[in-house]
Amino acid sequence: MHILNHIILIVLSALTALSLPYTANFIAKKFLAFWALIENEKIFLVSIEIVCAMVLILFFNYLGRIWKNRKLVDAAKKAGLFYAPSRKGFFSEKMVKKLKTRQGIARDIMLIGSTGFRTFVNPKSDLHEAIMSCRDAKIILLNPFSEGASVRSKSISEPGITVEHFSSQIKKSIKFLKEIHAVSKNIRLKLYSDIPFLKLTILGDYIWVQHYHAGLDVRFMPEYAFKHNQNSSGFYSTFYQYFLTKWNDIEIPEYDFDTQELIFKDKTGNDIKREKFNLNTDPIHENNALETDL
């Protein structure tokens, strides 16, 4: 087939070359006959001039746009930008879910979020399948009883989003992770108390980033994906270090799925304090919360 393709191309090239004199002669005759009719039509000539000018303007503007877009593409490649949908739609959401599922299955997952419910608990969420079949997962969610959770829920003006509803979603996420941990033991969870800043998902060599804008649901914020590369100017390493900084923050305790306690550790990784964390009660208002110094 490869040799046959070459033979066909050679034959077509020969036929084209042999037909050029006849084609040129035919075009010349037609053009001269056409020109004899329109050479004295000034309005027609002016119209052709205007049309040609418009075509040239559009052509050079198109070339300029291509050049600018190429520069933007080069800048995006240097930054490690892999995916940035212009708008969210049905097909776009399907594509994002497919990409995240493929990138997260049988790999390490690292995630910072607020409630996590629409991220991995809901069966229709992007990471529902990946979180259940990942190799290891390090997840940081909001403490449902923290001031950060209260402020975040109150900042969203959508009906139905209350402090109780917000905390309930976080508790469902914790229980969901506890069920996975009971089977595979590959899930680690930490709970922070600050107001959410970034929704960050690390799936192997890919990082997905969204910003928690005050007053807006994160669903309406653009999502960007960055790919790991050897370029030191890429943002993958920056966001990766951001996650590690949060994960190693001694102010953010780890949740023990077996004992239902929050474990505080020092900089060397040794346990220094444990607090009882009952999902059915608010430890802030619980007088008999268990605290043990180790």
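**Strands, a helix and salt bridges in a predicted model**

Four bridges, or 4 in the count used here, join strand S6 to S7, and the two run antiparallel. The structure described here is a predicted model. Within this pairing, Ile207 sits across from Phe226 of S7. S7 also has a partner in strand S1 (residues 81–83), again in the antiparallel sense, this time over 2 bridges. There, Tyr83 has Ala225 of S7 as its bridge partner. As a general point, side chains in a regular strand alternate between the two faces of the sheet.

Another antiparallel pair is made by S9 and S10, with 5 bridges between them. One of the residues involved is Lys265, whose bridge partner in S10 is Asp271. The hairpin of S9 and S10 has 5 residues between the strands, and in it Gly269 takes a positive phi near 95 degrees. Leading into this part of the chain is Gln260, placed in the loop between S8 and strand S9 (261–265). Gln260 has a phi near 55 degrees, which is a positive value in a residue other than glycine. As for its cover, Gln260 counts as partly exposed, at 26% relative accessibility.

Gln260 has company in this respect. Ala106 is not a glycine either, yet its phi is positive, at about 65 degrees. This residue, Ala106, belongs to the loop between helix H3 (90–104) and strand S2 (108–112). With 48% relative accessibility, Ala106 is partly exposed. Lys185 can be added here: just after H7, Lys185 has a positive phi of about 60 degrees.

That brings the text to H7 itself. Helix H7 (residues 163–184) is made of 22 residues, and the distance from its first C-alpha to its last is 32 Å, close to the 32 Å expected at 1.5 Å a residue. On the inside, the buried residues of H7 are Phe166, Ser167, Gln169, Ile170, Ser173, Ile174, Phe176, Leu177, Ile180 and His181. Several elements help to cover these buried residues, including H4, helix H5 (128–132), strand S3 (136–142), helix H6 (147–155), S4 and S8.

Next come the charged pairs. Side chains of opposite charge can pair when their charged atoms come close. In this model, the count comes to 12 salt bridges. One of them is between Arg118 and Asp217, with the closest N and O atoms 2.7 Å apart. Arg118 lies in helix H4 (residues 117–121), while Asp217 is in the loop between strand S6 (206–211) and strand S7 (224–227), so this pair ties together parts that are 99 residues apart in sequence. The two partners differ in cover: Arg118 is partly exposed at 39% relative accessibility, whereas Asp217 is buried, with a relative accessible area of 4%.

A second salt bridge links Lys246 with Asp194, and here the closest N and O atoms are 4.0 Å apart. Lys246 is part of helix H8 (residues 236–247) and Asp194 sits in the loop between strand S4 (187–192) and strand S5 (198–203), so the parts tied together are 52 residues apart in sequence. Lys246 is partly exposed, with a relative accessible area of 24%, and Asp194 is also partly exposed, at 44%.

Back among the strands, the side chains of Arg274 and Asp256 meet in a salt bridge of 3.6 Å, N to O. Arg274 lies in strand S10 (residues 271–276) and Asp256 in strand S8 (residues 254–256), so the pair ties together parts that are 18 residues apart in sequence. Both Arg274 and Asp256 are buried. This pair belongs to a network: salt bridges that share partners join Asp256, Glu261, Asp271 and Arg274. Asp271 has thus turned up twice, once in this network and once as the bridge partner of Lys265.

The surface has a nonpolar side as well. Met1, Ile3, Leu4, Ile7, Ile8, Val11, Leu12 and Leu15 form a nonpolar patch there, and together they have about 830 Å² of accessible area. One of these residues, Val11, lies in helix H1 (residues 2–38). Val11 is partly exposed, with a relative accessible area of 42%, and that is over the 30% needed for a place in a patch.

Notes
Residues are numbered from 1 along each chain as its sequence is written. This is a predicted model: local features need pLDDT of at least 70, side-chain atom pairs count only at pLDDT 80 or more; totals for chains, interfaces and linings use all residues. Side-chain values use heavy atoms; hydrogens and water are left out. Patches are made of residues with over 30% relative accessible area and no salt bridge: like charges are joined within 9 Å, nonpolar side chains (Val, Leu, Ile, Met, Phe, Trp, Tyr) within 5 Å. Accessible areas come from the Shrake-Rupley method with a 1.4 Å probe; for residues, only the protein chains shown count as cover. Buried means under 20% relative accessible area, exposed over 50%, partly exposed in between (1.4 Å probe, protein chains only). The expected span of a helix is 1.5 Å times one less than its number of residues. Contact means heavy atoms within 4.5 Å. Two strands pair if DSSP finds at least two bridges between them.
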